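Student: I want to test the labels put on this model. Ask me for nothing; just defend each one.

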Amino acid sequence: MTSRFKVRAGAIASAVILSATPALAGSNITLCGGSPGGLWSLLGAGLDAAVRQIEPDSTITYQTSSGGFANIVQVAQGKCDLGIVHIGEVLIAQKGEEPFKEPTGGVAAVSMLYDWAPMQWVIGKGFAEENGLVSIADLAAMKGSFDLVVNRRGILPSILAEKALGEVNVTFEDIDSNGGSVQFQGSGGASEIMQDGKADSWVNATFVGSGKIRAIAKKRELTLLSVPEETIAMMQKNYGSKAVTIPAGAYPWLDRDVKTFGASAALIAAEDADPTLVKLVASAILEHGGEIQ
């Protein structure tokens with residue numbers, strides 16, 4: 001997280017601590033998340049359950065969204081009370097990089113939600129062995145076609161996948177021109193495509209032990225590709241990623257340590273958010289984190 005984002009978070013934290021206003025009884029707090037049925041929708045359900053432990057008549061209503069980039073704008077404009085974002089999305093917004101046309105801010109962190117969602121480059125074991133693939137860097141020298149599934153177009157995990165591949169001299173265009181394909185799918189659709197054998201590999205930022213990956217493993221033998229240390233360092237510097245090692249045995253079929261990078265996600269509010277609302281949500285997370293877990 002940049003220092004700019006931390007300062008904003010500190011300002012809200014001070015407001016939370018100093019606020020003497022009672023919590024918002026009977027309030028409907030809107031939360032901008034992601035696709036329905038994905039990880040963020042589960043976090044929304046957990047946040048709602050945690051808030052109800054403090055204010056039984058208050059609710060957090062989860063709103064589906066195209067992802068963190070949209071959530072930054074929605075929260076800053078007051079269209080949602082809270083939003084879930086990847087830290088990398090905030091960094092991109094602050095720098096004014098695509099999809100933004102200019103530096104965009106106006107939001108502050110309420111809480112870190114998770115920082116252990118590694119980019120997992122899941123690949124069919126037979127396909128990897130046949131083509132000598134151990135690292136994503138090996139894709140640059142691979143002969144023949146390669147069918148890849150990434151997350152929905154324009155959201156951070158698919159951007160990170162494209163940037164990481166670019167660092168090892170592989171582009172989405174290269175994959176297409178070599179007779180392969182790049183498909184953009186949410187987690188549920190991507191898992192089904194992999195289960196049906198309609199893609200060779202799927203990459204997404206998700207927890208180790210993900211049910212979607214376990215479902216694929218029931219249908220086909222899998223392994224994971226590693227990421228070169230230089231690529232991991234670039235992702236840390238430019239996108240707020242975190243170096244992660246997925247240890248051997250993390251899955252029954254994983255027989256070696258795999259180095260990769262991970263995405264971190266935070267709960268945000270507008271810089272000028274009602275301190276009482278932020279106090280309610282922050283207290284719920286602090287005191288009832290088990291509901292979210």
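Student: What makes the lining of the largest cavity five nonpolar and five polar, with no charged residues?

Tutor: This is a predicted model, so everything here is computed. The lining consists of His86, Ile87, Gly88, Leu156, Leu160, Tyr239, Gly240, Ser241, Ala263 and Ser264. Ala, Leu, Ile and Tyr count as nonpolar; Gly counts as polar; charged means Asp, Glu, Lys or Arg. The split is therefore five nonpolar, five polar and no charged residues.

Student: How many cavities of 30 Å³ or more are there?

Tutor: The structure holds one. The largest cavity has a volume of about 30 Å³.

Student: Which elements each supply at least two residues of that lining?

Tutor: H4, H6 and strand E10 (258–270) do.

Student: Take His86 from the lining. Why is His86 called buried?

Tutor: Its relative accessibility is 7%. Buried means under 20%, so His86 qualifies. His86 is placed in strand E3. Beyond its neighbours within four places in sequence, His86 is in contact with Trp40, Tyr114, Leu156, Pro157, Ala263, Ser264 and Ala265.

Student: And Ser241, another lining residue. Why is Ser241 called buried?

Tutor: Its relative accessible area is 9%. The cut-off is under 20%, so Ser241 counts as buried. Ser241 sits in the loop between helix H10 (229–239) and strand E9 (242–246).

Student: What does Ser241 touch, leaving aside neighbours within four places in sequence?

Tutor: Leu160, Met235, Gln236, Phe261 and Gly262 are its contacts. As for Pro118, 123 residues apart from Ser241 along the chain, the two C-alpha atoms are separated by 9.0 Å.

Student: What makes helix H4 (residues 87–95) mostly covered?

Tutor: Eight of its nine residues are buried. They are Ile87, Gly88, Glu89, Val90, Leu91, Ile92, Ala93 and Gln94.

Student: What follows H4?

Tutor: Just after the helix, Gly96 takes a positive phi of about 75°. Then there is Pro99, in the loop between H4 and strand E4 (107–124).

Student: How do you know that the peptide bond from Glu98 to Pro99 is cis?

Tutor: Look at omega: it is near 15° for that bond. Most peptide bonds are trans.

Student: What is notable about phi of Asn169?

Tutor: Phi is near 65°, a positive value in a residue other than glycine. Most residues other than glycine have a negative phi. Asn169 lies in the loop between H6 and helix H7 (172–177).

Student: Is Asn169 buried or exposed?

Tutor: Exposed. Its relative accessible area is 65%, and the cut-off for exposed is over 50%, so the label holds.

Student: Now Ala161. Why is Ala161 called buried?

Tutor: Its relative accessible area is 0%. That is under 20%, so Ala161 is buried. Ala161 belongs to helix H6 (residues 156–167). Its contacts, leaving aside neighbours within four places in sequence, are Met119, Trp121, Val150 and Val203.

Student: How far apart are the C-alpha atoms of Ala161 and Thr171?

Tutor: They are separated by 9.9 Å, with their positions ten residues apart along the chain.

Student: Which residues touch the most other members of the largest nonpolar core?

Tutor: Trp121, Ile136 and Leu165, out of 46 residues. H6 gives the largest share of this core, six residues. Apart from it lies another core, of 24 residues, including Val110, Leu113, Val278 and Ala284. In soluble globular proteins, nonpolar side chains tend to be buried together.

Student: What is Ile136 in contact with, neighbours within four places in sequence aside?

Tutor: Trp121, Ala164, Leu165, Val168, Leu225, Ser226, Val227 and Pro228.

Student: Last label. How do you know that Cys32 and Cys80 form a disulfide?

Tutor: The S to S distance is 1.9 Å. The cut-off is within 2.5 Å, so the pair passes. The structure holds one disulfide, and both Cys32 and Cys80 are buried.

Student: Why is the pair said to tie together parts that are 48 residues apart in sequence?

Tutor: Because Cys32 lies in strand E1 (residues 28–32), while Cys80 lies in the loop between helix H3 (68–76) and strand E3 (82–86). A disulfide is a covalent bond between the sulfur atoms of two cysteines.

How values were computed:
Residues are numbered from 1 along each chain as its sequence is written. This is a predicted model: local features need pLDDT of at least 70, side-chain atom pairs count only at pLDDT 80 or more; totals for chains, interfaces and linings use all residues. Side-chain values use heavy atoms; hydrogens and water are left out. Helices (H or I, at least four residues) and strands (E, at least two) are DSSP runs, numbered from the N terminus. Buried means under 20% relative accessible area, exposed over 50%, partly exposed in between (1.4 Å probe, protein chains only). Contact means heavy atoms within 4.5 Å. A nonpolar core is a set of buried Ala, Val, Leu, Ile, Met, Phe, Trp, Tyr and Cys residues joined through side-chain atoms within 4.5 Å. On a 1 Å grid over the protein atoms alone, a cavity is a set of points where a 1.4 Å probe fits but cannot get out, and a pocket is an open set with protein on both sides within 12 Å along at least five of seven lines; lining residues have an atom within 4 Å of a point. Grid points are joined across faces, edges and corners, and a volume is the space filled by probe spheres set on the points.
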